[in-house]
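Visitor: I would like to go through this structure and ask how each label is justified.
Guide: Go ahead.

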Amino acid sequence: MSSDLSVRGLFVSSEARPFASSGGLGDVAQALPDALNAQGIRFERVMPLYRRVVEGQGTHGYTLERTPHTLAIPMGQDVFDADIWAANFNGVRTYFIGRDEYFDRSELYALPHRAYSDNFERFVFFQKAVVALIDGLGKPYDLIHLNDWQTGLIPLYLKNGINGTGRSASEKTVFTIHNIAYQGTASESSMYETNLPGTLRWYPELEFYGELNSLKAGIMLSDQCTTVSHRYADEIQTAEFGCGLEGVLQHLEPPVRGIVNGVDYATWNPETNPTLAANYSPRALAGKESCKKAVLQHYGLKYAKDIPVFSMISRMVDQKGFDLIAGAIEQIMELPIQFILLGSGQDIYQDMARKWAERWPDKCAIEIGFNSALSHQIEAGADFFFMPSKFEPCGLNQLYSLKYATIPIVSNVGGLADTVRDIRSTKDGTGFIMDAYTVENFIECVRAALSLFGDKKQLRETRKMGMKQDYSWNRAGEEYLALYEDLLQSVN
Ligand code: ADP
């Protein structure tokens, strides 16, 4: 990837690795600006200063510095200060919006049993502070890349200013939907917090059935809307997947564009990752068996060469198919398999998983929490990976699984459908795709996986085929670059 484009870009997101992350958005927010910067495009990043960002200094290879900027941010009748911090990581400068009462909390968005009730207010503050920072830095950006609902109001602030007194926006905006299920809605009474002039009726792009809808505003008011796979770009224009915004997307001009996320292969590489018990490659797969032994030992399960290990690493939320696994668990635990899980999220699923581990202590083990090193060790040590999501905008774990020779079992949606090919229907298959979102279908895939595990030659070929797939950021970065070029060259 290379470009003659001279762009100053700002990547705005509510999370980014290695600072603070809860899922795929955090991965993208790290990798995309990194990939673009490596090609000489000057991208910077901005996100909130969560407690985790402060605590992660040193251990995650960055140091925070207090910038001279303290920005006065109106919130209704009040004015609150935003302290601006910064860190350089991988050559990319990241700014952090600090305000303890909003961001100095144990989690980013939600406790296990409930989302923070002031999320809308927290991110209104964040978004105003981002626009104040853009002006305060005194170095105009050409392009602002926005992500998910937490940034959806920024086009309004770029135009109206954070006090509602007007601002001439010269920046082009790209808005990427990473998950349409989270929309950042609030009741009409929250309009006062936005400091936008006028009533909600003045903003048809923000208004949705009498409420404020941040995602809708981002989709409609940015210059180009994108999402993270081709299939998801189609799906969100249907009632089944659009979460109410399908009509908005059907009439969007220019239409929403799908760009499949990339993988940061510098981190996600079994040949080099230092946290693994052994490294391995398509030519020398033996190390994978050592990783299997190591991860089973970590989980307190007994290793047996002829027992396949199925695995899952996931946010434990409705989207990820835990209802399906719950429906199938009795039957799959009768099969000669082991199952290891790493995740955190809703109480209901955490409790459910704890019960599985209690009931089948020799076959099933779980760890509740967010653990990046362990996620690599699971990807390396497992034979198969479950991702039976109800919907999946892109999904990253199936891409990591491919690279780590861990065969994914996925539902037929979104980025999973874009990136996995079913072994049963094509010679160059890389995984198993459920025909339908049913317990029966899921169990059928597990059985098919078991029989593949018994066929060592095909197993090896399938693993190698997976490892050969290239979902690097070079490809995705090039697509974003082309999109930025088009936008910056367009007159409007
Ligand atoms: P989503 O963004 O919906 O959570 P993705 O598959 O796109 O799903 O991305 C999930 C990312 O978060 C992956 O990098 C995955 O490894 C990571 N992840 C999710 N849960 C955990 C966890 N408990 N511990 C470590 N990493 C996790």
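Visitor: In which helix is the place of Leu 487?
Guide: This is a predicted model. In it, Leu 487 belongs to helix α18, which covers residues 473-489.

Visitor: Why is Leu 487 called buried?
Guide: Buried means a relative accessible area under 20%. Leu 487 has 10%, so the word applies.

Visitor: Which residues is Leu 487 in contact with, leaving aside its neighbours within four places in sequence?
Guide: They are Leu 143, Lys 172, Thr 173, Val 174, Asp 223 and Gln 224. Of these, Lys 172 is 315 residues from Leu 487 along the chain, yet their C-alpha atoms are separated by 7.1 Å.

Visitor: Now the ligand. What makes the pair between Gly 24 and the ligand a polar contact?
Guide: The cut-off for a pair of N or O atoms is 3.5 Å. A backbone N or O atom of Gly 24 lies 2.5 Å from a ligand oxygen atom, so the pair counts. At 2.9 Å, a side-chain N or O atom of Asp 27 and an oxygen atom of the ligand also qualify. So do a backbone N or O atom of Asn 371 and a ligand nitrogen atom, 3.0 Å apart.

Visitor: How much of the ligand does the protein bury?
Guide: The ligand exposes 560 Å² when taken alone, and the protein buries 94% of that.

Visitor: How many residues surround the ligand, and which element gives the most to the shell?
Guide: There are 21 residues around the ligand. Strand β15 gives the most, three residues. By type, the shell divides into six nonpolar, 10 polar and five charged residues.

Terms used. Residues are numbered from 1 along each chain as its sequence is written. This is a predicted model: local features need pLDDT of at least 70, side-chain atom pairs count only at pLDDT 80 or more; totals for chains, interfaces and linings use all residues. Side-chain values use heavy atoms; hydrogens and water are left out. A residue is near a molecule or strand if one of its heavy atoms lies within 4 Å of it. A polar contact is a pair of N or O atoms within 3.5 Å; within protein, one must be able to donate a hydrogen and the other to accept it, and residues adjacent in sequence count only if both atoms are side-chain atoms. Accessible areas come from the Shrake-Rupley method with a 1.4 Å probe; for residues, only the protein chains shown count as cover. Helices (H or I, at least four residues) and strands (E, at least two) are DSSP runs, numbered from the N terminus. Ala, Val, Leu, Ile, Met, Phe, Trp, Tyr, Cys and Pro count as nonpolar, Asp, Glu, Lys and Arg as charged, and the others, Gly among them, as polar. Buried means under 20% relative accessible area, exposed over 50%, partly exposed in between (1.4 Å probe, protein chains only). Contact means heavy atoms within 4.5 Å.
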